[in-house]
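Me: Could you take a close look at one part of this structure for me? I would like to understand one helix and what lies around it.
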Amino acid sequence: MSEHEWAQFVEVARTLIQLRPAEEDNTRRFVEAVLTVMSGRRFWAQLPSERFGKWYLHHHRNLRWLERGVWLALAQRGAFGPERSRQMIGFVERQRASLQRQRARRRARLLSKDG
């Protein structure tokens with residue numbers, strides 16, 4: 001993200017997630033990791049650890065933001081600019097669909113064990 005894009009993101013994010021200045025570096029690294037997965041269609045484990053740190057921390061935080069609707073709200077408010085916001089909405093929809101499929105499979109397995 002460029003400095004301008006980050007400033008735009010921070011302006012919108014402060015109203016949604018109570019982004020504190022002390023947490024901005026960590027949040028920026030997280031957001032950039034998510035954008036890398038989103039735009040590059042990479043797997044979380046493929047994120048370079050030198051740049052992003054531990055991939056699974058970003059993955060779990062991403063799931064929390066997804067469940068709480070943070071990504072969708074940020075995208076709808078244009079926090080990423082018009083093109084990336086459209087991409088983020090598509091990313092959110094794909095992730096939600098994937099989570100629903102995973103939960104359905106888990107439920108089916110549990111029910112088949114009980115029966």
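Me: Please focus on helix H4: which of Leu57 and Asn62 is buried and which is exposed?

Reply: Happy to help, and please keep in mind that this is a predicted model. Leu57 sits in helix H4, and so does Asn62, so the two can be taken in turn.

Let's begin with Leu57. Leu57 counts as exposed because its relative accessible area is 52%, and the cut-off for exposed is over 50%. Together with Trp55 and Tyr56, Leu57 makes a nonpolar surface patch of about 300 Å².

Now for Asn62. Asn62 is buried because its relative accessibility is 0%, where buried means under 20%. Leaving aside residues up to four places away in sequence, Asn62 touches Phe30, Val34, Trp44, Trp71, Phe91 and Gln95. With one of these, Trp71, the side chain of Asn62 also forms a polar contact of 2.8 Å.

Trp71 then leads us on to the largest nonpolar core, which has 28 residues. Trp71 is among those with the most contacts inside this core, along with Phe9, Val31, Leu74, Phe80 and Met88. Helix H4 (55-68) gives two or more residues to the core, as do H1 (3-17), H2 (24-40), H5 (70-76) and H6 (82-114). The largest share, 7 residues, comes from H2.

Val31 ties several of these names together: not counting residues up to four places away in sequence, Val31 touches Met1, Trp6, Phe9, Trp71 and Phe80. Trp71 is thus a shared neighbour, touched by Val31 and by Asn62 of your helix.

Methods
Residues are numbered from 1 along each chain as its sequence is written. This is a predicted model: local features need pLDDT of at least 70, side-chain atom pairs count only at pLDDT 80 or more; totals for chains, interfaces and linings use all residues. Side-chain values use heavy atoms; hydrogens and water are left out. A nonpolar core is a set of buried Ala, Val, Leu, Ile, Met, Phe, Trp, Tyr and Cys residues joined through side-chain atoms within 4.5 Å. Buried means under 20% relative accessible area, exposed over 50%, partly exposed in between (1.4 Å probe, protein chains only). Helices (H or I, at least four residues) and strands (E, at least two) are DSSP runs, numbered from the N terminus. Contact means heavy atoms within 4.5 Å. Patches are made of residues with over 30% relative accessible area and no salt bridge: like charges are joined within 9 Å, nonpolar side chains (Val, Leu, Ile, Met, Phe, Trp, Tyr) within 5 Å. Accessible areas come from the Shrake-Rupley method with a 1.4 Å probe; for residues, only the protein chains shown count as cover. A salt bridge is a side-chain nitrogen of Lys or Arg within 4 Å of a carboxyl oxygen of Asp or Glu. A polar contact is a pair of N or O atoms within 3.5 Å; within protein, one must be able to donate a hydrogen and the other to accept it, and residues adjacent in sequence count only if both atoms are side-chain atoms.
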